[in-house]
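Colleague: I would like a close look at a single part of this model, the place where two helices from separate chains meet, and then an account of what lies around it. Please take your time over the answer.

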Amino acid sequence: MNRPFASVIVNGLLIGLTFVSLFPLLWMLSVSFMAAGEASTLPPPLLPNAPTFANYRELFERGGMLRYFTNSLLLATSVTLISLVFNAMAGYAFAKMHFAGQQRLFKVLIGTVIIPGQVAMMPLFLLLKQMGLVNTYGGVIVPAMAGVFGIFLVRQYALSIPDELLEAARMDGAGEFRIFASIILPLLAPILASLAIFTFLGCWNDFMWPLIVLTDAKLQTLPVALASLSREHAQDSEMMMAGSVVTVLPVLVVFLGLQKFYIRGLLAGSVKG
Amino acid sequence: MRVPGVAWAFIAPALLVIGIFFLLPVAAGFALSLTDFDIYALADLRNLRFVGLDNYLHLLGAPLFWQALGNTLYFVVVGVPLSLGLSLGAALLLHARVARFTPFFRTALFAPVVTTLVAVAVVWRYLFQTRYGMVNYALGHIGIEPLDWLGDPRLAMPTIILLAVWKNFGYNMVIILANLQTIPEEVYEAARIDGASSFQQLVHITLPILWPTLMLVGILTTAGYFQLFAEPYVMTQGGPLRSTVSVLYFMYEEGFKWWNLGTASTAAVLLFALMFAVTWTFMRMTKREGTA
């Protein structure tokens, strides 16, 4: 196959695939600026006739969108910050501290990833109900405060920290928590950045658990609110697209801005695993 | 480490969270699956009874549960190969020497992965709408009559599969691409000197090197696809004619709509058992092929 011909085929296919990947997202954005009912005409319009923010205004002023947005942001941020600290501490300890049963404990933890979380859902709900956490932010935050994947990611990265560095710091009389805070955390920064993005996006996009544990409309996250809005307002496609944009845009922006860290974390988590 | 106590202090917070809010509930989930925990037990625990394997017998005799299992398997058996095939194809295209603007293409193809499933499922519902949907409009141009994508029991699951493939292929694409980039160029050069065509290079060099990675992402994707839930919840509510009820959708309705937490736990355990069996078989297959 000659070169120019191959180039046309390869790049043509890439353009086609890109079109398929981006079209639904661009269409969502375009329809969100259409007037009510405009998308339900034939032929279906690609661009708004007279772009309007009316759908967004409606959602934020009367649909409680700001509330859902705040809930999502608050939950994803809390989960990310707390789990980052707990996972970093545990991952570092598994990599660099030696204690009886360490290897076996780590293997057991890794082994638990094959258990789908849904097996735990019903008892977890009852447990949280007992603790008074059902229908509170705590119901989402508390079970997500640490995770095996995060510990694994940090441990793999921390293995490369030279022991001499820790020995030198101990020689100088630094305590273990001091060493962790002032020496280890900065060294772990790249992998913690990856883990932070992963956790944030995972929490922002999560659906099933928030749906179960947050029944009060005031506490709902964007995906849960969007799912129930789409059941009530099935006909209002323009408004639903605006709601989808509000839900998707923040994570897309985070991803585009921090892509390097995201991809690095993705590869660290899968290739070595 | 000099003081073992310090190590435990570092590990304890994470371990407590995982122990109390994951491992304990998992164990309790197995126990719950052997009880008749329902809305009466929710109100007063004295109404709780141990029923042995009754829930299992009940579910394995229930046509609705089998339908949910069948729908889930359909989603996995069709969805996983399609996803992986597209991931592999896209990665090979991006890796081709003649490919241009690859950072842009890679980012664009990956974008659906980070989007919120619920939001894009809502978008999908309108794109595949029978009367005003863009998909039917486009198909009309090549002479295909409007299809009732989400209203026809034969088409609803394929439409959900299309969404899943669209949303997920970028993830494995990035992993496969990273693997492709580790293959030294000299290997291909040597093959070219020996007169191997592009296709022969793909079959005899690239695919064998990629094989372990493909198996790994295959297992992970399969495990993920078994957990189908949000798509039918948003797009079809399990219908039409329960053709898109997945095991998790069944479990959700059973547990959190009807408050039969015992039966719901049984469904979750059965799903776990099925996933475990499939993963185990997968791994056995790879091992045998590896030694042969």
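Colleague: In which crossing, left-handed or right-handed, does α11(A) pass α6(B)?

Modeller: Please keep in mind throughout that this is a predicted model, and that what follows is computed from its atoms. The crossing in which α11(A) passes α6(B) is left-handed. The two partners are helix α11 of chain A, residues 222-232, and helix α6 of chain B, residues 117-127, and they pack at an angle of about 25° with their axes 8 Å apart. Since angles under 35 degrees count as roughly parallel, α11(A) and α6(B) are therefore described as roughly parallel to each other. On the chain A side the contact is made by A:Pro223, A:Leu226, A:Ala227 and A:Ser230, while α6(B) supplies B:Val118, B:Ala119 and B:Val122. Sorted by class, the contact of α11(A) with α6(B) has six nonpolar residues, one polar residue and no charged residues.

This helix pair can be set beside the contact between the two chains as a whole, in which 76 residues of chain A are in contact with 70 residues of chain B. The largest share of the side of chain A that touches chain B comes from helix α1 of chain A, residues 3-32, which gives 16 residues. By class, that side of chain A has 58 nonpolar, 16 polar and two charged residues.

From the contact one can turn to the interior, where the largest nonpolar core has 161 residues, and those with the most contacts inside it are A:Ala90 and B:Ala121. If the neighbours within four places in sequence are left aside, B:Ala121 is in contact with B:Leu163, B:Ala230, B:Glu231, B:Val234 and B:Met235.

Chain B, which carries α6(B), has 13 helices and zero strands. Its C-alpha atoms fill a box of roughly 80 × 70 × 40 Å, taken along the principal axes. Of the 292 residues in chain B, 41% are buried, and among the contacts in this chain with a separation of 6 or more, 68% are accounted for by residues 24 or more positions apart. For a residue on the exposed side of the count one may take B:Gly85, which is found in helix α4 of chain B, residues 63-95. B:Gly85 has 12 other C-beta atoms within 10 Å, and it is therefore classed as exposed. B:Gly85 and B:Ala27 are 58 residues apart in sequence, and their C-alpha atoms are 37 Å apart in space.

Some backbone details of chain B also deserve a careful look, and they are best read against a general background: most residues other than glycine have a negative phi, and most peptide bonds are trans. In the loop between α11 (230-235) and α12 (247-257) of chain B lies B:Pro240, and the peptide bond that joins B:Gly239 and B:Pro240 is cis, with omega about -10°. The loop between α11 and α12 of chain B also holds B:Gln237, which has a positive phi of about 50° although it is not a glycine. B:Gln237 has 14 other C-beta atoms within 10 Å and so counts as partly exposed. Further along, in the loop between α12 and α13 (261-291) of chain B, B:Trp259 has its place; B:Trp259 is not a glycine either, and its phi is positive, at about 60°. With 17 C-beta neighbours inside 10 Å, B:Trp259 is partly exposed.

Chain A has a cis bond to note as well, since the peptide bond from A:Leu42 to A:Pro43 is cis, with omega near -10°, and A:Pro43 is placed in the loop between α1 and α2 (54-61) of chain A. Elsewhere in chain A, helix α10, residues 208-213, contains A:Leu211, which has 21 C-beta neighbours inside 10 Å and therefore counts as buried.

Finally, a helix pair within chain A can be set next to the one you asked about. Helix α7 of chain A, residues 148-158, packs with helix α9 of chain A, residues 176-205, at an angle of about 165°, with their axes 10 Å apart. Because angles over 145 degrees count as roughly antiparallel, α7(A) and α9(A) are therefore roughly antiparallel to each other. The crossing of α7(A) past α9(A) is right-handed. Its contact is made by A:Gly150, A:Leu153, A:Val154, A:Tyr157 and A:Ala158 of α7(A), together with A:Leu188, A:Ile191, A:Leu195 and A:Thr199 of α9(A). These residues divide into seven nonpolar, two polar and no charged.

Note on methods
Residues numbered from 1 in each chain as written. Chains lettered and ligands numbered in written order. Predicted model: local features only at pLDDT ≥ 70, side-chain atom pairs only at ≥ 80, totals over all residues. Axes fitted to C-alpha atoms, helices over the stretch in contact; angles between N-to-C directions. Helix = DSSP H or I, 4+ residues; strand = E, 2+ residues; numbered from the N terminus. Parallel < 35°, antiparallel > 145°, perpendicular 65-115°, else oblique. Left-handed = near helix turned anticlockwise from the far one by under 90°. Contact = placed C-beta atoms within 7 Å. Nonpolar A, V, L, I, M, F, W, Y, C, P; charged D, E, K, R; others polar. Core = buried A, V, L, I, M, F, W, Y, C linked by C-beta atoms within 7 Å. Buried ≥ 20, exposed ≤ 12 C-beta atoms within 10 Å, placed from the backbone.
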